[in-house]
Amino acid sequence: MLHSMTGFGSATIENSKISVTVEIKSLNSKFFDIYCRIPRGYSEREVEIRNILTQELERGKVEFMMSITPKDEAAASTAVNRALVKAYFKDLKETSLELGFEPSPTEILRMATMMPNAFNTDGLSETDAQEEWDLIKNAVTVAISKCKDFRLQEGKNTELKFREYIENIEALLAQVEEQAPKRIPLVRERIEKAVSEWIQNENFDKNRFEQELIYYVEKFDISEEKVRLKNHLEYFIKELKTASNGKRLNFIAQEIGREVNTIGSKANDSIIQRLVVQMKDELEKIKEQTMNIV
């Protein structure tokens, strides 16, 4: 099954002390890029969280947001070193007044909480700290699961689009096959005209004549390209049934484009060339969608 890189998942898990809320958003990206926004007091867990996200989501631009809300006063007091934050607040305010400007209390508080040791992470016992981390991991796991479900549903929708685009190309190819034999009378007329001019020429070169015939035959023959294009279309559909990825599908799409371009250049027929333009339009839709597949 295909998985889109577009996804969203959220989860809120709580116990008697804290409530953990996690939100995960993912968008398409050529590489795997993670942006984490977590409470400063839990920054030591960021590496572990990133490792979990990397292992589970594989690819895309991921935004991870986590908030933790204490459910009682005792739990809240272990998160913020209030005495130190107050000291920072007082010192920052006095410093700004000495510099001659009236600071914003909100801005001072924000700066105070960013100072060293503003959060007390040593207040929890080892058992409580492990219990808290298990709760956080549980919330992260549930949010990731929901995000992957979202990705899977988006992947199913994209697969339907892929099948529609491939069917459109197959229908256009059928029209090309129907039109191809109708070129023969015009091609024959051109060759006969050229042959008559060469034969009447006193410098007629039989070897050159044979080379020109081979050139015309090869130039207008698109039978091999049609066969290869059919095979590529079938291969694309086959890959949709497996756990394929966007890079592989994009590679097949490039091969489809190569055959379509060759048919257009060798057809020498206005109707076929219009059909080729329509096939290219469907192919561009495919390429665009492959960029959003994991």
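Modeller: Ground rules before we start: two strands count as paired if DSSP finds at least two bridges between them, while strands (E, at least two residues) and helices (H or I, at least four) are DSSP runs numbered from the N terminus. This is a predicted model, where local features need pLDDT of at least 70, side-chain atom pairs count only at pLDDT 80 or more, and totals for chains, interfaces and linings use all residues. Residues are numbered from 1 along each chain as its sequence is written, and side-chain values use heavy atoms, leaving out hydrogens and water.

Colleague: Fine, then how many residues does the hairpin from strand 1 to strand 2 go through?

Modeller: Strand 1 covers residues 7-14 and strand 2 covers residues 18-27, and they pair in the antiparallel sense over eight bridges. One bridge partner of note in strand 2 is Glu23, which goes with Ser10. As for the hairpin joining them, the residue count is three.

Colleague: Which residues sit on the covered face of strand 1?

Modeller: Strand 1 has two faces, and Phe8, Ser10, Thr12 and Glu14 make up the uncovered one. That leaves the covered face to Gly7, Gly9, Ala11 and Ile13.

Colleague: Zooming out, what pattern does the chain follow along the sequence?

Modeller: There are ten helices and four strands in the chain. Read along the sequence, they give β-β-β-α-β-α-α-α-α-α-α-α-α-α.

Colleague: Where is confidence lowest in the chain?

Modeller: pLDDT is the predictor's confidence in each residue, from 0 to 100, and the chain averages 88, with 87% of the residues scoring at least 70. Strand 1 has the highest confidence, at 97. Where pLDDT is low, the predicted coordinates should not be read in detail. With a mean of 56, the lowest spot is residues 73-77, helix 2.

Colleague: What share of the 294 residues is buried?

Modeller: Buried means under 20% relative accessible area, exposed is over 50%, and partly exposed lies in between (1.4 Å probe, protein chains only). Over the 294 residues of the chain, the buried share is 35%.

Colleague: Why are the buried residues of helix 8 on the same side, and what arc do they cover?

Modeller: Helix 8 (residues 223-240) buries Glu225, Lys226, Leu229, His232, Leu233, Phe236, Ile237, Glu239 and Leu240. An α-helix has 3.6 residues a turn, so residues three or four places apart point the same way. On the other side of helix 8, Glu224, Glu234 and Lys238 are exposed. Taking the directions from the helix axis to the C-beta atoms, the buried residues are on the same side of helix 8 because their arc is only 160°.

Colleague: And which helices do the buried residues of helix 10 pack against?

Modeller: Helix 10 has Ile272, Leu275, Val276, Met279, Glu282, Leu283, Ile286 and Thr290 buried. They sit on the same side of helix 10, because they cover an arc of only 125° around the axis. The face turned away from that buried side carries the exposed Arg274, Val277 and Glu288. The buried ones pack against helix 5, helix 8 and helix 9.

Colleague: Last one: how far apart are the C-alpha atoms of Met115 and Val85?

Modeller: Met115 is in the loop between helix 4 (105-113) and helix 5. Its relative accessibility is 31%, so Met115 counts as partly exposed. Val85 is 30 residues away along the chain, and the C-alpha separation is 8.1 Å.

Definitions and conventions:
Contact means heavy atoms within 4.5 Å.
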